[in-house]
Amino acid sequence: MNEHTRYLQQAAWTRDLRTYLFDKAGLAGARRVLEVGCGTGAILGEIHTPAALHGLDLEPEPLAQCQIHAVSVSLTQGDAHFLPYPNRSFDIVYCHFLLLWVENPLQVACEMARVGRTVIAFAEPDYSQRVDEPPELRPLGKWQTEALQRKGANPFFGARLAETFRQAGIRLEETGPIQTSGRKRTAEEWENEWAVMESDLAGFVRGEDIQNMKRLDEEARRRGGRVLHVPTFFAWGKT
Ligand SMILES: C[S@@+](CC[C@H](N)C(=O)[O-])C[C@H]1O[C@@H](n2cnc3c(N)ncnc32)[C@H](O)[C@@H]1O
């Protein structure tokens, strides 16, 4: 599965929240909006606004994709720890599944607060609170957490999001977990998630153990007994 497909899947999890928060943050009246860590443009490509849209990412490959998926966006290659924009130059600055990946999330939040009047982090997971049922599937949570750590992420950052915003001087308007209860994964999503998992775990977990988990997962889903919940947090505020 390519990166953009994966990001589109994650974008679906937060679509309702983004509609609600962008409305509260005044997207309709905004003139300049920035996504920090915009990746392939899964989120920027879904925003409908007369505002000038900007995207920044560290890596050239996702930016090249972003240019295709969000054609009218101004893109910059740069580091979220040192945003190359003047103070208060955006009405809204947001990120989506970014802060868990950066070296110093507080510094990035401070930078977002410096350049924006309203700051939103839509989705930061906390894998320490992950729930897997039936219990035989619990090793999967541990394996996936370790895989994220190997790739350089902090899988527990979600629990620290609100405090990080406060420390960055952002006056919190609202924070909490994203409501995902009742949302069932489609068969395609399930296949895609397993494709990512199999590639992340290869070489670290025995192939037969992975396939055994996949089989247990599939059986549990078929009988309606599968629970997979990773609490994922949002926060937004003003500077
Ligand atoms: C999980 S992806 C999310 C992409 C996009 N926000 C989305 O949700 O579809 C995280 C992105 O953050 C970028 N990133 C990581 N560290 C960064 C940094 N220090 N500065 C800017 N971008 C960074 C990565 O290159 C990647 O494209």
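Strand 5 and strand 9 run antiparallel to one another and are joined by six bridges. One residue of strand 5 to note here is Thr118, which stands opposite Lys238 in strand 9. I should say at once that the model before you is predicted.

Let us stay with strand 5, residues 116-125, and turn to its other neighbour. Strand 4 and strand 5 run parallel, with five bridges between them. Thr118 appears again in this pairing, as the bridge partner of Ile92. Thr118 is thus placed opposite Lys238 in strand 9 and is also paired with Ile92. The connection between strand 4 and strand 5 passes through helix 4, residues 105-115, and the three elements make a right-handed β-α-β unit. Is strand 5 mostly covered, or mostly open? Nine of its ten residues are buried, and the strand is mostly covered.

I now come to the sheet as a whole. It is an open sheet of seven strands, in the order 3-2-1-4-5-9-7, and the pairing is mixed. Which strands lie at the edges? They are strand 3, residues 74-77, and strand 7, residues 171-177, each of which pairs on one side only. From one strand to the next, the twist averages 15°. As a general reminder, the strands of a sheet pair through backbone hydrogen bonds, in either the parallel or the antiparallel sense.

At the strand 3 edge, the partner is strand 2, residues 52-57; the two pair in the parallel sense over four bridges. Within this pairing, His54 stands opposite Ser74 in strand 3.

Two helices that pack on the sheet deserve mention. Helix 3, residues 60-69, touches strand 2 and strand 3, and its direction makes about 175° with that of strand 3. Helix 2, residues 15-25, touches strand 4, strand 5 and strand 9, and its direction makes about 165° with that of strand 5.

Next, the ligand. How many residues surround the ligand? There are 21, and the closest are Tyr7, Gly37, Gly39, Ala42 and Ala80. By class, this shell has 13 nonpolar, five polar and three charged residues. Helix 1, residues 3-13, and strand 2 each supply at least two residues of the shell. Helix 1 gives the most, with three residues. Strand 2 therefore has two roles in this account: a partner of strand 3 in the sheet, and a contributor to the shell around the ligand.Finally, some details of the backbone. In general, most residues other than glycine have a negative phi, and most peptide bonds are trans. Three places in this model depart from that pattern, and I shall take them in turn.

The peptide bond from Glu133 to Pro134 is cis, with omega near 0°. Pro134 is located in the loop between strand 6, residues 131-133, and helix 5, residues 138-150.

Arg88, in the loop between strand 3 and strand 4, has a positive phi, near 50°. Is Arg88 buried or exposed? Arg88 counts as exposed, because 12 other C-beta atoms lie within 10 Å, and the cut-off for exposed is 12 or fewer.

Phe97 likewise has a positive phi, near 55°, and its place is in the loop between strand 4 and helix 4. Phe97, however, counts as buried, because it has 22 C-beta neighbours inside 10 Å, where the cut-off for buried is 20 or more.

Note on methods. Residues numbered from 1 in each chain as written. Predicted model: local features only at pLDDT ≥ 70, side-chain atom pairs only at ≥ 80, totals over all residues. Pairing = 2+ DSSP bridges. Axes fitted to C-alpha atoms, helices over the stretch in contact; angles between N-to-C directions. Contact = placed C-beta atoms within 7 Å. Near = placed C-beta within 6 Å. Nonpolar A, V, L, I, M, F, W, Y, C, P; charged D, E, K, R; others polar. Right-handed = clockwise from strand over helix to strand, strands pointing away.
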